[in-house]
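User: I have a protein model open and want to learn how to read it. Can we take it feature by feature?

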Amino acid sequence: MTKEKQRSGCFLAHPIRAVVFDLMNTIFQGRRKHRLNLAQIYRREFEVPINMGNLEILKVVDKWAALYAKHNKEWPPDLRIPLLNAEIGRALNPKKFGHLHPRDDVLITLGTQVMTAYQSTGKDWVLRNEVSAALRALREENIPMSLGTNQTVVNVERAFSDHVLGPFFPPSMVFVSEACNIWKPHLAFVETIAERMGLPVADLVYVGNSPSKDAPLVEAGCQVILIDHDGRYRRCLREPAFQERFRVPLAERRLVLTGSIAHVGQLILEAWRRRDV
């Protein structure tokens with residue numbers, strides 16, 4: 001590694017043989033028609049009083065995953081997310097909704113409204129020009145690229161129908177948590193992708209944006225690049241708890257933070273070109 005590269009920060013610790021991209025807020029910029037966060041949407045749709053309901057449940061991915069794992073086999077695919085939202089809504093406001101059957105039409109309607117309000121759809125997503133340029137540059141180098149996302153199957157299908165993603169990510173290289181039944185930040189998510197790509201986990205770099213969902217994947221043995229396009233995660237990335245948990249991979253540059261997709265491209269290209277050295 002040259003001193004020039006060390007100073008510029010344009011390197012990952014290890015060579016790579018493939019890259020896995022997250023979808024929302026990594027490749028796409030999502031634009032909702034409002035600024036409500038998820039907790040506020042639940043509070044609105046399920047009429048959760050300010051002094052009632054543990055909204056912290058919304059911040060714990062494991063609780064979502066546990067509910068999903070418990071019920072997903074019995075839930076119809078097209079109702080999985082609405083029913084998941086309904087379960088959480090019942091827990092947030094048991095006084096009003098606890099007596100209803102989990103599949104009551106009222107709960108399904110509210111669960112669907114939460115999903116619709118919070119999740120931007122493929123038509124709302126913006127594929128930045130600089131992201132398209134970076135993907136083209138990586139494709140020209142014949143770098144194997146796959147997509148690994150917690151988005152719903154429906155939203156991923158819409159993204160592919162509304163935007164030109166096929167040349168970058170063939171169908172066999174698209175991994176959706178809802179279909180795989182494995183959700184980030186569980187390490188099996190990236191381990192499964194590596195297995196299906198026929199590579200060791202250590203040969204992958206995952207490009208995402210979430211400090212809570214994507215950064216932990218480094219603990220599976222892959223490298224991770226976190227891109228914060230607009231600074232929304234700046235405060236979280238600076239928190240002592242984050243810095244302490246990931247102190248070693250950050251120092252070793254197995255986990256790299258950046259705000260530039262051009263920098264992401266430089267990191268990937270440099271690591272790819274070292275693979276057989």
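User: At roughly what angle do the axes of helix H2 and helix H6 cross?

Analyst: Keep in mind that this model is predicted. For a helix pair, look at the axes. Angles compare N-to-C directions. Here, H2 (residues 38-45) and H6 (residues 105-118) cross at roughly 145°. Their axes come within 10 Å. The crossing is right-handed.

User: Which residues of H2 and H6 meet there?

Analyst: From H2, look for Leu 38, Ile 41, Tyr 42, Arg 44 and Glu 45. From H6, look for Leu 110, Gln 113, Val 114, Ala 117 and Tyr 118. Sort the residues of this contact by type: seven are nonpolar, one is polar and two are charged.

User: Now the sheet. What is the order of its strands?

Analyst: Read a sheet from one edge to the other. This open sheet has six strands, in the order S5-S4-S1-S6-S7-S8. The pairing is parallel. The edge strands are S5 (174-176) and S8 (255-258), and each pairs on one side only. From one strand to the next, the twist averages 20°.

User: How many bridges join S4 to S5?

Analyst: Three bridges join S5 to S4, which covers residues 145-149. Try one pair yourself: Leu 147 in S4 has Val 174 in S5 as its bridge partner.

User: Which strands does helix H14 lie across?

Analyst: H14 (residues 261-273) lies across S1 (18-21), S6 (204-208), S7 (223-227) and S8. Relative to S7, H14 runs at about 165°.

User: What about charged side chains?

Analyst: Side chains of opposite charge can pair when their charged atoms come close. The count for this model is 13 salt bridges. One of them joins Arg 17 and Asp 276, at 3.0 Å from N to O.

User: Why does the pair of Arg 17 and Asp 276 tie together parts that are far along the sequence?

Analyst: Arg 17 is in the loop between helix H1 (3-8) and S1, while Asp 276 is in the segment after H14, so the pair links parts 259 residues apart in sequence. Arg 17 and Asp 276 also belong to a network of salt bridges with Asp 203 and Arg 275.

User: Is Arg 17 buried, partly exposed or exposed?

Analyst: Check relative accessibility. Arg 17 has 33%, so it counts as partly exposed. Asp 276 has 57%, so it counts as exposed.

User: Are Glu 270 and Arg 274 buried or exposed?

Analyst: Both are buried. Glu 270 and Arg 274 form a salt bridge, with the closest N and O atoms 2.8 Å apart.

Terms used: Residues are numbered from 1 along each chain as its sequence is written. This is a predicted model: local features need pLDDT of at least 70, side-chain atom pairs count only at pLDDT 80 or more; totals for chains, interfaces and linings use all residues. Side-chain values use heavy atoms; hydrogens and water are left out. Two strands pair if DSSP finds at least two bridges between them. Helices (H or I, at least four residues) and strands (E, at least two) are DSSP runs, numbered from the N terminus. Axes are lines fitted to C-alpha atoms, for helices over the stretch in contact, and angles run from 0 to 180 degrees between N-to-C directions. Contact means heavy atoms within 4.5 Å. A crossing is left-handed if the near helix is turned anticlockwise from the far one by less than a right angle, and right-handed if clockwise. Ala, Val, Leu, Ile, Met, Phe, Trp, Tyr, Cys and Pro count as nonpolar, Asp, Glu, Lys and Arg as charged, and the others, Gly among them, as polar. A salt bridge is a side-chain nitrogen of Lys or Arg within 4 Å of a carboxyl oxygen of Asp or Glu. Buried means under 20% relative accessible area, exposed over 50%, partly exposed in between (1.4 Å probe, protein chains only).
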